[in-house]
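Please look at the sequence and the model below before reading on. The report then goes through the parts of the chain and how they are placed against one another.

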Amino acid sequence: MTSVWKLCNKIVNKLMDRKDILYEKWSSPELCVVLGESGMCIEWLAKRGLIKNSRLCSVCGEPASLLECAQIIDGYRWECNLQECNFRKSIRSESFFDGRDLPLRTIIVVMHYWCEDLQNETVTQLGVSEEDSADICNVIREEFEKNQRRAGAIGGIDENFQPVIVEIGESYFFRGEHRQSQQPEGHWVFGGIERLENGAVGKRFLVAVPNCAADTLQDEILRHILPGSNIISDGWAAYGNIPHIANGIYTHSFMGAENNLVDPNNRELHTQNIEMMLMRAKRKMNRHVGSSRESFALHLQDYVFRSQIRPSRYLFESLLMVIVDKYTI
Ligand SMILES: [Zn+2]
């Protein structure tokens with residue numbers, strides 16, 4: 001499809017529904033074909049609400065036109081039909097792609113590679129510099145982190161007015177080979193996960209914390225867990241004050257023996273879900289353990305986001321939705 005946008009006020013006639021975007025399931029080869037030409041790529045983005053489909057001139061208020069412009073990276077830009085307005089705007093303006101120097105197609109494909117956990121391949125296969133690739137991956141992680149914050153706290157009271165069970169736990173993340181070293185570099189991680197009916201799990205969080213002192217963990221509990229929750233933990237002393245936080249907004253059950261994942265006297269009293277999540281996260285995060293606190297925190301959010309997508313094969317589509325929600329076009 002070649003462009004027919006000469007003096008056209010809209011890129012596409014109809015935008016896609018959220019639901020349809022979320023269940024598209026793109027593969028890298030399909031994406032590369034469909035985004036092949038600059039015009040096709042622009043239509044692909046506009047249809048999904050990732051860039052503006054139309055724009056008004058900020059001077060006269062009339063719809064601007066999408067015009068070919070060979071000098072700029074996208075090949076097109078918005079311009080007002082009235083020359084005296086002198087209105088020109090990048091199609092990326094106010095979108096996720098604003099301010100990035102790479103071709104739109106490259107950014108999308110790098111995002112897809114990231115979702116497939118192939119970010120290292122972008123350097124060799126797409127010819128993207130390591131710096132650019134890392135930059136895009138970091139931005140994706142930041143978006144996930146912000147999305148995570150918007151998603152809010154977990155637990156609380158369910159629709160039957162019963163407390164939601166939230167398992168909490170903490171773990172020290174370090175590189176395997178540094179276990180014996182004098183100064184192991186690593187990060188404390190604290191997290192929680194909702195336990196639902198029939199062994200299923202719901203929303204979750206993981207945060208990097210400077211230490212596991214009672215005050216530190218209480219702050220994180222207040223920040224991430226809603227009042228009314230029934231918190232289940234191991235017998236770690238720092239959790240002892242949970243029933244008294246904010247004058248008793250949580251109930252707390254804990255296992256007597258710290259080394260058992262299930263209390264032998266009460267099969268429901270366990271923290272297997274959070275332990276499992278921490279264990280999986282630790283395995284996945286191994287290569288990031290030596291990174292700075294900020295970078296580690298971002299990778300951790302990225303892991304939490306990935307782990308929540310079910311089925312996980314829709315990660316790329318979910319990423320597009322995060323961007324669509326953030327940059328309301
Ligand atoms: Zn104008």
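## Pairing of strands

Two strands count as a pair if DSSP finds at least two bridges between them. With that in mind, strand 9, which covers residues 230-233, and strand 10 form a parallel pair with 4 bridges. In this predicted model, one can follow the pairing down to single residues, since Ile232 has Ser253 of strand 10 as its bridge partner.

## The sheet of five strands

Strand 9 and strand 10 belong to an open sheet of 5 strands, whose order is 7-6-5-9-10 and whose pairing is mixed. At the edges of this sheet stand strand 7 (201-209) and strand 10 (251-254), each of which pairs on one side only. If direction is ignored, neighbouring strands of the sheet are turned against each other by 25° on average.

Which strands does helix 7 touch where it packs on the sheet? Helix 7 (residues 214-224) touches strand 6 (186-195) and strand 7, and its direction makes about 140° with that of strand 7. Helix 9 also packs on the sheet and touches strand 6 and strand 7, but the direction of helix 9 makes about 175° with that of strand 7.

## The sheet of three strands

Another open sheet has 3 strands in the order 1-2-3, and its pairing is antiparallel. Its edge strands, each pairing on one side only, are strand 1 (65-68) and strand 3 (88-90), and from one strand to the next the twist averages 40°.

Within this sheet, strand 2 (residues 76-79) runs antiparallel to strand 3 and is joined to it by 3 bridges. On the level of residues, Arg77 is found opposite Ser90 of strand 3.

## Helix 6 against helix 9

Helix 9 (residues 293-308), which packs on the sheet of 5 strands, is also in contact with helix 6 (residues 130-151), and the axes of these two helices come within 8 Å and cross at roughly 65°. Angles of 65 to 115 degrees count as roughly perpendicular, and helix 6 and helix 9 are therefore described as roughly perpendicular to each other. The crossing of the two helices is left-handed.

On the side of helix 6, the contact is made by Asn138, Arg141, Glu142, Phe144, Glu145 and Gln148, while helix 9 contributes Leu298, His299, Gln301, Asp302, Val304 and Phe305. Sorted by class, this contact of helix 6 with helix 9 holds 4 nonpolar, 4 polar and 4 charged residues.

## Helix 4 against helix 6

Helix 6 is also crossed by helix 4, with axes that come within 10 Å and an angle of roughly 70° between them. This pair, too, is therefore roughly perpendicular, although helix 4 passes helix 6 in a right-handed crossing.

Which residues make this contact? From helix 4 they are Ile107, Val110, Met111 and Trp114, and from helix 6 they are Ser133, Ile136, Cys137 and Ile140. By class, the contact of helix 4 with helix 6 has 7 nonpolar residues and 1 polar residue, with no charged residues.

## Helix 4 against helix 10

Helix 4 packs with helix 10 (residues 315-326) as well, at an angle of about 125° and with the axes 9 Å apart. Helix 4 and helix 10 are therefore oblique to each other, and helix 4 passes helix 10 in a right-handed crossing.

The contact is made by Met111, His112 and Cys115 of helix 4, together with Leu315, Phe316 and Leu319 of helix 10. These residues divide into 5 nonpolar and 1 polar, with no charged ones, and Met111 is listed both here and in the contact of helix 4 with helix 6.

## The two domains

The domain assignment of the chain gives domain 1, with residues 18-128, and domain 2, with residues 154-320. The C-alpha centres of these two domains lie 38 Å apart, and their contact takes 11 residues from domain 1 and 8 residues from domain 2.

On the side of domain 1 that touches domain 2, the elements giving two or more residues are helix 1 (18-22) and helix 4 (104-115), and the largest share, 3 residues, comes from helix 4. By class, the residues on this side of domain 1 are 7 nonpolar, 1 polar and 3 charged.

How values were computed. Residues are numbered from 1 along each chain as its sequence is written. This is a predicted model: local features need pLDDT of at least 70, side-chain atom pairs count only at pLDDT 80 or more; totals for chains, interfaces and linings use all residues. Axes are lines fitted to C-alpha atoms, for helices over the stretch in contact, and angles run from 0 to 180 degrees between N-to-C directions. Angles under 35 degrees count as roughly parallel, over 145 as roughly antiparallel, 65 to 115 as roughly perpendicular and the rest as oblique. A crossing is left-handed if the near helix is turned anticlockwise from the far one by less than a right angle, and right-handed if clockwise. Two residues are in contact if their C-beta atoms, placed from the backbone, lie within 7 Å. Ala, Val, Leu, Ile, Met, Phe, Trp, Tyr, Cys and Pro count as nonpolar, Asp, Glu, Lys and Arg as charged, and the others, Gly among them, as polar. Domain bounds come from an automatic or database domain assignment.
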